[in-house]
Each structure stands twice: as C-alpha cells, then as structure tokens.
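Notebook open, coffee at hand. I want to go through this model piece by piece and jot down what I looked up.

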Amino acid sequence: MEVSSYMGLATLIFVITMFVVPQHSQHFRSRGSVDKNKALVEHLQYYGIIKSGKVAEVMDVIDRGEFAPSGYPAYDDSPMPIGYNATISAPHMHATCLQLLEEHLQPGMRALDVGSGTGYLTACFAIMVGAQGLVVGVEHIPQLVALSIENINKSSAAAFLKEGSLSIKLADGQLGWPESAPYDAIHVGAAAREIPQSLIDQLKPGGRMVIPVGDFFQDLKVVDKNLDGSVSIRSEMSVRYVPLTSREAQLS
C-alpha cells in the first residue's frame, strides 16, 4: 500500500493489450471501464513501465476500477486512500512489482501478498499462477479483508476465490502465512524497517520477494533466495509506502 514513488514518471496514466479470459473467469465489465483500463495499461507500456506482454494482459483483465475507492479517479496513476491509514498503490508500482515477480508467478506456483489491501495485486497474482497455483493475501484490518473479498468477487479472479486457489487471511502480515509456505513469490505492500526473517524463511529456494524497506527514506528491495538457501538483496528504486506495522499502530 504505497503513498508515492520517486520514479520521476509522476503522471503515468492508462492501459493494456487484449487478453482472452478463461470461460470460467468471465464477468461483465462496462465498455467505459474497459476503455479506461486499457488506456491506463497502454500508457504504462508507452513509458516503459510495463515491458512484458503477460503483465499487460493481467492488468487488462483485472480492472483497477473494481478495486479503487469510490469517488476517486480509478485510472489515474496515483495512490489512493482506502481508509484505515492504508492506500491502494499507484498503477506504475503495481506494474513494477508484477514485472519483478513475473518469473516467480508462473502457472502452478505459490504467491503471498502481505498487506493485500483492496485485493488488486492479489487478484493479479491469481490470474498469473492459475487454478493449479496458490495465492494467499494477508491483511490485518478486518474491514479491508471484507472489502478485498467483495472486490475480488466482482473481478475476473472470482472463480479462483470460489475454488480455493485464492484466499484472503486476517493475520499479521509481518508473520506471513506459514501454513501455505514455501512461496515462489512474496510481495509486501508496506514498508518494513528491516526485512522480516519470517518472510525470508517462507520464501522457497529459487523464489523472490519484493519489499519496501526503510522509514522516511525507503528503497524497494528485491530479495532472491538462492537454491542453496543463501539470500541476495538488491535495491530496485526509491519509493514511499505506508509503514508495515501492527494493527493497533496503523489505526492510531
């Protein structure tokens, strides 16, 4: 749940290439929302944020307008408040994280989304790993758990939620969700002061985690667990996210 980034591409707006949705995942989307979402994705492609056809397809299928708060311009490239001192990240940050995790979100793989918020990126993960994969979203605000489930049920990922390959858990994201570990991909949507060891432990050898780290000055870190269990960490870019903290601290 990102507040803003320092990418220098402050007003990236608009959408995607055509994607044939599996029959079981089809749902109604108005022509207006489809056009706006497509324009958003195409804009992100034009500016080089979306480089992969697969990421473009997924962001086309999962309509941001079904996850953005009402009363806000859903297809603007900016973060938006969703209540409870949380936000939905800007589309360029969603695209960046999907790009970084793409090779670890192949069909049949497992993904963990910490701080799943409105459920947008969790739904994207479910489309990427498919029915044979597993996606767990973890959120510690009960109202946001309910909101994300409601949003996903309106989206092209609804069938995965119904079938059980996608789930949203009410839990402390700093602890991950060990019951379904290890994960090929872990995304953290809030900034940790340091990378939680519990999340590193739940990362599969060969897997990757993307996590913002820092207080006021933050970097998006890419954490790769090597096949021998050792860990490599690099900084991708400077960002600004809300903090990864306890429920009580977030609400206060």
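Before anything else, the cut-offs I need for reading exposure: buried means under 20% relative accessible area, exposed means over 50%, and partly exposed is in between. Also a reminder to myself that this is a predicted model.

**Entry 1: the tyrosines at 46 and 47**

I looked up Tyr47 and got a relative accessible area of 40%, so it goes down as partly exposed. Tyr46 comes out at 68%, which makes it exposed. Their ring centres are 5.3 Å apart and the planes sit at 80 degrees, so I have them as an edge-to-face pair. The structure has three aromatic pairs.

I then went to the pair made by Phe67 and Tyr120. Here the centres are 5.6 Å apart and the planes at 85 degrees, so this pair is edge-to-face too. Where do the two residues lie? Phe67 is in the loop between helix H2 (53–61) and strand E2 (80–83), and Tyr120 is in helix H4, so the pair ties together parts 53 residues apart in sequence. Buried or exposed, I asked of Phe67? Phe67 is buried, at 2% relative accessible area. Tyr120 is buried as well, at 3%.

**Entry 2: the chain overall**

I counted up the secondary structure: eight helices and 10 strands. The chain has 252 residues, and 57% of them are buried. About 10600 Å² is exposed, with carbon and sulfur atoms supplying 54% of that. I also checked contacts between residues at least 6 apart in sequence, and 64% of these join residues at least 24 apart.

**Entry 3: the cores**

How many residues are in the largest nonpolar core? I get 54, and the ones with the most contacts inside this core are Met59, Ile62, Leu98, Leu105 and Leu220. Helix H4 (residues 120–129) gives the largest share, nine residues. Apart from this core lies another one of 22 residues, including Ala192, Met209, Ile211 and Val242. As background, nonpolar side chains in soluble globular proteins tend to be buried together.

I picked Leu105 for a closer look. Setting aside residues up to four places away in sequence, Leu105 touches Leu98, Ala111, Phe125, Met128, Val129 and Ala185.

**Entry 4: helix H2**

For H2, I listed Val55, Ala56, Val58, Met59, Asp60 and Val61 as buried. I noted that Asp60 is in that buried list along with Met59. At the N-terminal end, Ser52 caps H2, with a side-chain oxygen 3.1 Å from the backbone nitrogen of Lys54.

**Entry 5: Gln202**

Where is Gln202 found? I located it in the loop between helix H7 (197–201) and strand E8 (203–214). At 6% relative accessible area, Gln202 is buried. What does its side chain reach? The partner is the backbone oxygen of Leu175, at 2.8 Å. Leaving out neighbours within four places in sequence, I wrote down the contacts of Gln202 as Leu112, Leu175, Gly176, Trp177, Pro178, Ala181, Pro182, Tyr183 and Ile186.

**Entry 6: cysteines**

How many disulfides does a search of the whole structure find? I get zero. I still looked up two of the cysteines: Cys97 is buried at 2% relative accessible area, and Cys124 is buried at 0%.

Conventions: Residues numbered from 1 in each chain as written. Predicted model: local features only at pLDDT ≥ 70, side-chain atom pairs only at ≥ 80, totals over all residues. Heavy atoms only, no water. Helix = DSSP H or I, 4+ residues; strand = E, 2+ residues; numbered from the N terminus. Buried < 20%, exposed > 50% of the residue type's maximum accessible area, 1.4 Å probe, protein only. Polar contact = N/O pair within 3.5 Å; in protein donor to acceptor, adjacent residues only side chain to side chain. Contact = heavy atoms within 4.5 Å. Core = buried A, V, L, I, M, F, W, Y, C linked by side-chain atoms within 4.5 Å. Phe/Tyr/Trp six-rings, centres within 6.5 Å; stacked < 30°, edge-to-face > 60°. Areas by Shrake-Rupley, 256 points an atom, 1.4 Å probe, with all protein chains shown as cover. Disulfide = S-S within 2.5 Å.
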